[in-house]
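Look at the model below and find the places where one helix packs against another. The text then goes through two such places in turn.

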Amino acid sequence: MDSIWLQTAHLPEFDPLRSDLKTDVLIVGGGMAGLLCAYQLAQAGVDCALAEADRICGGITKNTTAKITFQHGLIYHKLIRQFGTERARLYLEANQAALEEYRALCQTIDCDFEEKDAFVYSLHNRKKLEQELDTLDQLGFVAEFAEYIPLPFPVAGAVKFAQQAQFHPLKFIAAIARDLRIFEHTKVLELRPGQAVTRSGTISADTVIVTTHFPLLNKHGSYFLKLYQHRSYVLALNHAPDVHGMYLDEDEKGLSFRNYGKLLLLGGGSHRTGKQGGNWTELERFAQRHYPDALETARWATQDCMTLDGVPYIGPYSRHTRRLYVATGFNKWGMTSSMAAATLLTDWILGRENPCAAVFSPSRTVLRPQLVINGLESTLGLLTPTTPRCPHMGCALKYNADEHSWDCPCHGSRFEEDGTLIDNPATDDKT
């Protein structure tokens with residue numbers, strides 16, 4: 001079933017590329033990050049074009065829960081532990097600036113933008129919440145402790161970020177994309193230095209930005225080791241309560257809540273792609289128990305690229321590539337991360353110094369525990385003697401009975417039952 005965003009918005013359509021093209025900057029990938037890059041560059045007077053293999057926002061963006069917040073779970077204590085106070089502060093400020101940029105843009109865009117408080121709650125661990133509040137105070141940000149929240153189960157408390165926001169992502173995209181130079185149904189088959197090859201022409205560009213969710217080049221950057229993918233699920237419920245805010249469990253397998261109009265968006269059931277998880281069944285059982293009068297009006301799933309340390313990779317694709325940039329690994333926070341990426345990459349291209357560049361550098365250390373897990377999953381996938389296999393790097397695919405798809409537990413590629421590609425990093429259908 002389509003997400004409520006697809007059901008309630010009309011995106012502009014763009015012609016495919018039909019001949020060779022020359023531009024200063026080429027953006028590959030037409031989701032929120034790519035479109036915001038194109039928008040900011042165009043606003044700065046940069047000659048740019050965007051190539052999208054299918055339709056703009058046809059991948060992950062159409063399936064977001066569309067929370068615009070710099071409260072990304074209980075992340076700031078972890079960031080100080082991994083990177084130190086200054087870089088944790090820069091991460092907060094980059095995402096805070098992203099929220100403010102949305103706030104300014106949405107004043108003139110009809111996209112159901114609403115200010116809402118954001119809460120991250122814990123079912124049992126009050127100490128974690130107090131620790132995060134102490135960290136935020138150290139970073140100079142004032143958050144609040146909430147003893148009670150309007151959810152149908154007891155909690156140990158919650159950390160409250162006031163005046164965050166939510167919106168309709170596709171109505172927003174429809175407004176900013178209309179005047180951009182976009183080529184839909186234009187799949188990039190090969191990237192060469194200064195060139196992108198498509199079926200209908202070659203695009204020559206001084207600079208290329210890759211925003212294809214999972215980066216499409218394997219030979220640079222080692223993203224197949226630095227990223228894994230995670231699936232999560234949403235039910236849109238009518239005749240369910242207004243929870244008056246945005247809520248997220250600090251536990252990775254917990255639930256999220258927000259309203260859109262008269263609908264409650266209940267999220268959860270998450271798991272690593274290719275593994276078992278709660279899926280929609282977990283959400284259905286929760287709704288039946290706590291909201292017995294609710295009626296399901298839509299359901300959808302999404303897939304997120306997760307990094308080794310919880311911070312996106314935004315910047316030069318690798319140490320060995322020239323004028324090739326990337327934005328990926330948004331760790332389920334694609335709205336603010338997309339805006340932060342667009343700002344940072346625009347600064348790179350215009351030669352402006354950005355203090356956050358080192359925080360998001362794709363070339364930062366990979367020596368994190370998650371690297372070992374990713375390596376073990378890849379090894380297991382390669383050694384599992386089953387068919388079918390993923391054309392990306394040859395891992396064994398797992399059948400997903402809930403979504404009737406073949407999923408790769410190594411890197412997250414997904415395929416229809418007939419082999420048609422759904423999600424990258426694979427670029428071809430399975431055979």
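In this predicted model, one helix contact brings together residues from H2 and H9. On the H2 side are Met32, Ala33, Leu36, Cys37, Gln40 and Leu41. They meet Met335, Ser338, Met339, Ala342, Thr343, Leu345, Thr346 and Ile349 in H9. What classes of residue make up the contact of H2 with H9? Ten are nonpolar, four are polar and none is charged.

The geometry of this pair can be followed along the two axes. H2 covers residues 32–43 and H9 covers residues 334–350. Their axes come within 8 Å and cross at roughly 40°. Because angles under 35 degrees count as roughly parallel and those of 65 to 115 as roughly perpendicular, H2 is oblique to H9. The crossing of H2 and H9 is right-handed.

The second pair is H3, residues 76–83, and H4, residues 85–105. Here the axes lie 7 Å apart, and the helices pack at an angle of about 140°. That angle makes H3 oblique to H4, because only angles over 145 count as roughly antiparallel. H3 passes H4 in a right-handed crossing.

Which residues make the contact between H3 and H4? H3 contributes Tyr76, Leu79, Ile80 and Phe83, while H4 contributes Thr85, Arg87, Ala88, Tyr91 and Leu92. By class, the contact of H3 with H4 has seven nonpolar residues, one polar and one charged.

Note on methods:
Residues are numbered from 1 along each chain as its sequence is written. This is a predicted model: local features need pLDDT of at least 70, side-chain atom pairs count only at pLDDT 80 or more; totals for chains, interfaces and linings use all residues. Side-chain values use heavy atoms; hydrogens and water are left out. Axes are lines fitted to C-alpha atoms, for helices over the stretch in contact, and angles run from 0 to 180 degrees between N-to-C directions. Helices (H or I, at least four residues) and strands (E, at least two) are DSSP runs, numbered from the N terminus. A crossing is left-handed if the near helix is turned anticlockwise from the far one by less than a right angle, and right-handed if clockwise. Contact means heavy atoms within 4.5 Å. Ala, Val, Leu, Ile, Met, Phe, Trp, Tyr, Cys and Pro count as nonpolar, Asp, Glu, Lys and Arg as charged, and the others, Gly among them, as polar.
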